[in-house]
Amino acid sequence: MKTEDLITLTATAAAAQIASRAISSEDLTRACLARIAVRDVDVQAFIHISPEHALKQARERDREMQEGRPIGPLHGVPVAIKDIFDTYDFPTENGWQVHRGRRPSADSAAVARLRRAGAVILGKTVTTECAYYFPGPTRNPHDTTRTPGGSSSGSAAAVAANMVPLALGSQTNGSVIRPASFCGVFGGKPSHGLISRARVLSLSKTLDHVGVFARSIDDIVLAYDVLAGPDPDDADTMKTALPEFRAAMRKNGEGAPKFAFVRTPRWDDADLETRALFNRLVADLGSHAAPVDFPSKFADCWPSQRAIMAVEMNRSFGAEARKFPGKSSEMLMKLLDEGQGIPAEYYDKLVANVPVLRALFEDGIKGFDVAITPAAKGEAPAADSTGDPVFCTAWSLLGVPSITLPMLRGEHKLPIGVQILGRKGDDIGVLRAARWLWRNSSFRPAA
């Protein structure tokens, strides 16, 4: 298989090709490395990469195949890791000067699961500073004058630029769904607690999610199968039995879902072009979709998310940041100081109100299977920002599952994602609805 064919394989297809011995892990890894050598000069998605180490892992995966040893669902498939996930074999610097040169001795839980599934850990991707707003060097592969989004900027860009078929990211506000939208890839943010965050930079226990960037819905399903599950080192991971995602997606009963076209109190923040595109998309869905306006009380989601994030980020690393003056951006220090100044009683009230706001969402979509809304305000803005996460904020606060599909293009022919949301815990329902929409809508990504 030619290099140009290898680098466009989905993770699902790559795993199947390797398992059938149609290709080798070394062939695929070499193709990804060759692509990185060409594209990453401009895109700058990777912060730490070692071709020799990647090829060593790939050869070991191929040797395991030759010896007839058991293989995992991602056997031999290269995966990129956002540089807030600890890795024993690469630095983990969190995009932060304070952590420059930091070398963990053990993997994060998510990376450990990827290794057990047979993945080749290709390298570490750029994150914004402490996974907050201050931009890193990464550029959007569609237009390098524009941002890839944040904070999982490198992971989204690496998948979009065909450097790797699958990448890990995280979301506290809009850090998976927004960059996936800007870069024109599939992005999945599961229900809060589905995937362990152990040994990942902790911004906010209430808000942090592990997510993935991929080339297909099936890739996200596969990644969730590998990554999901309880972990005693992350008390928020679900205690109930989890579905086998691929098996659940193969079951019958995948009829046409009913979509609630969600217009929150922040609907007018969307660009005019985005609003027009979504009105056309909903019209195209006909009887399968209807508009839903949320009550004004739902507007509490945005200031609540901001305050909770500020308090919990300050608790997580505010003291450390203040020990090293001048090593953090003004933007980060302003948020940490804001969090330090919020009274504990007010913070406690906001956290206690999250289930009330989640109930408002669930009541608003009563009678529908899932919700549909933009993933971002519009196309990626200029590279001096990471863009506005306003169309992700509420869903991170509520901990509900979401996935974005690269279905739309704006006036500059750049991607705009279509976001599907569901009730907390209904990750299968969201994935099924997203797959139905991808297969059945007349909207198709532009070439």
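The turns below walk through the sheet, a few backbone details and the pockets of one predicted model.

Trainee: What kind of model is this, and how are its residues numbered?
Mentor: This is a predicted model, in which local features need pLDDT of at least 70 and side-chain atom pairs count only at pLDDT 80 or more, while totals for chains, interfaces and linings use all residues. Side-chain values use heavy atoms, with hydrogens and water left out, and residues are numbered from 1 along each chain as its sequence is written.

Trainee: Which strands stand at the edges of the sheet?
Mentor: Strands here are DSSP runs (E, at least two residues; helices are H or I, at least four), numbered from the N terminus, and two of them pair if DSSP finds at least two bridges between them. The open sheet has 11 strands with mixed pairing, in the order S1-S3-S2-S4-S6-S5-S10-S11-S9-S7-S8. Each edge strand has a single partner, so one side of it is left without a neighbour in the sheet, and these strands are S1 (46-49) and S8 (289-293).

Trainee: What angle does helix H15 make with S10?
Mentor: Helix H15 (residues 427-440) packs on the sheet and touches S5, S7, S9, S10 and S11, where contact means heavy atoms within 4.5 Å. Axes are lines fitted to C-alpha atoms, for helices over the stretch in contact, and angles run from 0 to 180 degrees between N-to-C directions. For H15 and S10 the angle is about 15°.

Trainee: Is Ala131 buried or exposed?
Mentor: Ala131 is found in the loop between S3 and H6, and its phi is near 55°, a positive value in a residue other than glycine. Buried means under 20% relative accessible area, exposed over 50%, and partly exposed in between (1.4 Å probe, protein chains only). With a relative accessible area of 9%, Ala131 is buried.

Trainee: Which strand gives the largest share of the lining of the second largest pocket?
Mentor: On a 1 Å grid over the protein atoms alone, a pocket is an open set of points where a 1.4 Å probe fits, with protein on both sides within 12 Å along at least five of seven lines, and lining residues have an atom within 4 Å of a point. The second largest pocket is lined by 20 residues, with Ala160, Cys183, Gly184, Val185 and Pro406 nearest its centre. Helix H6 (153-160) and strand S10 (402-409) each supply at least two residues of this lining, and the largest share, four residues, comes from S10.
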